[in-house]
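Reader: I have a structure here and would like to learn how its pocket and ligand are described. Could you take me through the reasoning?

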Amino acid sequence: MGYEDNVRKVVPYTPGEQPGGRVIKLNTNECPYPPSPRVQEAIRSLDTDALRKYPDPLCSELVSEIAGYYGLKDENVFTGVGSDDVLSMCFLTFFNGRDPVLFPNITYSFYDVWASVYGIPFRRVPLREDFSLDPSLYRQKNGGIVIANPNAPTGIAADLKVIEDIVSSNPGVMVIVDEAYIDFGGETALPLLDAHENLLIVRTLSKSRALAGMRIGYAFGQEKAIKYLNDVKFSVNSYTMNTPSLLAGKAAIEDDRYFREIRDKVISTREWVKKELRELKFSFGDSCTNFIFASHEGTHPGETEAGFAKRIFASLKERGIYVRYFDKPLIDGYLRISIGTDEEMREFMRVLKEIM
Ligand SMILES: *Cc1c(COP(=O)(O)O)cnc(C)c1O
């Protein structure tokens, strides 16, 4: 049947929509504020002649900036094209065994896609009914573990003790902790790094540092693990990060005051939105992220949670407000609402009250 027998057929990850025009975009957890003015300066001052040359394959300046900021050594840091690239490299590097890789049954929907594309066996481990993580379920035989903390799309954080339990009860495999949202709440696993060679922490500049369009992610690990990651990276593509993103990433990390300012604004807006949603009888766990994952028992006669979520999602979209809806078992009764500016969230609440 032609060449198609030889094709690597995959079911791809579905990213949130990127609509054009004037909309209120609360569907992909981007930062509603611009990146640091220093990022703009860094990009403006880029001499395009520099683009003749390949970028630094070691990403040394960015790596040093990140390492310095977190009090680590350069040898503890790996960078990539968004944390999606970093996570994909981690899967390729550390999940090369026969036993299934474990991750929660409700989590970032890219994990099973990478496992599938790389032919890695995997098993979904149930969360508790309140979406919390049960570490005792991670004592089964496995080929590696990946945990998003705080989790997506639930927004809930696990205590450091829970993460430590999972890391220390699995010394024979790599445990990847995806901390895409850690700047907005929860406890980082960073203090565990010294004592656990099987821990890798993955971060991104896409959310809390407003650089989703630049594609910058990084990982922390012990020197040996970072070396393994680099060996695989240099076996796939030596020049993953381009020259402008290396400069932009460094500038964003340097401007710590600006970072704290926008992060704090997002957090205070989130707390206000929680209060408003509670008054409208929405249910949700305690979000430690820049989004809220909320359900509602319905406002029309006979309406189910899923019916309500679907209807509100469509109605908001008609009015130019984009949130995320996952038509999947266990979470089809929820809307994931990213936190925008105060103005955007006031408009969101106004429209929501109108259509409920
Ligand atoms: C957004 C997100 C990522 C990917 O972020 P990028 O750095 O933009 O690739 C990874 N993990 C989780 C849990 C996310 O929500």
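Reader: What is the volume of the largest pocket?

Author: In this predicted model, the largest pocket has a volume of about 990 Å³. Its lining consists of 45 residues, and Tyr-13, Thr-14, Tyr-108, Ser-109 and Arg-324 lie nearest the centre. Elements giving two or more residues to this lining are H3, strand E3 (101-104), helix H4 (111-117) and strand E12 (324-325). H3 gives the most, with four residues.

Reader: How do you know that the ligand sits in the largest pocket?

Author: A molecule sits in a pocket if more than half of its atoms lie within 2 Å of the pocket's grid points. The ligand is assigned to the largest pocket, so it passes that test.

Reader: What makes Thr-204 a polar contact of the ligand?

Author: The cut-off for a pair of N or O atoms is 3.5 Å. An N or O atom in the side chain of Thr-204 is 2.5 Å from a ligand oxygen, so this pair counts as a polar contact. Ser-206 has a polar side-chain atom 2.6 Å from an oxygen of the ligand, and for Lys-207 the value is 3.0 Å. The protein buries 93% of the 390 Å² that the ligand exposes when taken alone.

Reader: Why is Tyr-108 listed among the residues around the ligand?

Author: A residue counts as near a molecule if one of its heavy atoms lies within 4 Å of it. Tyr-108 is in the list around the ligand, so it meets that cut-off. The shell divides into four nonpolar, four polar and four charged residues, and helix H3 (residues 82-94) gives the most to it, with four residues.

Conventions
Residues are numbered from 1 along each chain as its sequence is written. This is a predicted model: local features need pLDDT of at least 70, side-chain atom pairs count only at pLDDT 80 or more; totals for chains, interfaces and linings use all residues. Side-chain values use heavy atoms; hydrogens and water are left out. A polar contact is a pair of N or O atoms within 3.5 Å; within protein, one must be able to donate a hydrogen and the other to accept it, and residues adjacent in sequence count only if both atoms are side-chain atoms. Accessible areas come from the Shrake-Rupley method with a 1.4 Å probe; for residues, only the protein chains shown count as cover. On a 1 Å grid over the protein atoms alone, a cavity is a set of points where a 1.4 Å probe fits but cannot get out, and a pocket is an open set with protein on both sides within 12 Å along at least five of seven lines; lining residues have an atom within 4 Å of a point. Ala, Val, Leu, Ile, Met, Phe, Trp, Tyr, Cys and Pro count as nonpolar, Asp, Glu, Lys and Arg as charged, and the others, Gly among them, as polar. Grid points are joined across faces, edges and corners, and a volume is the space filled by probe spheres set on the points.
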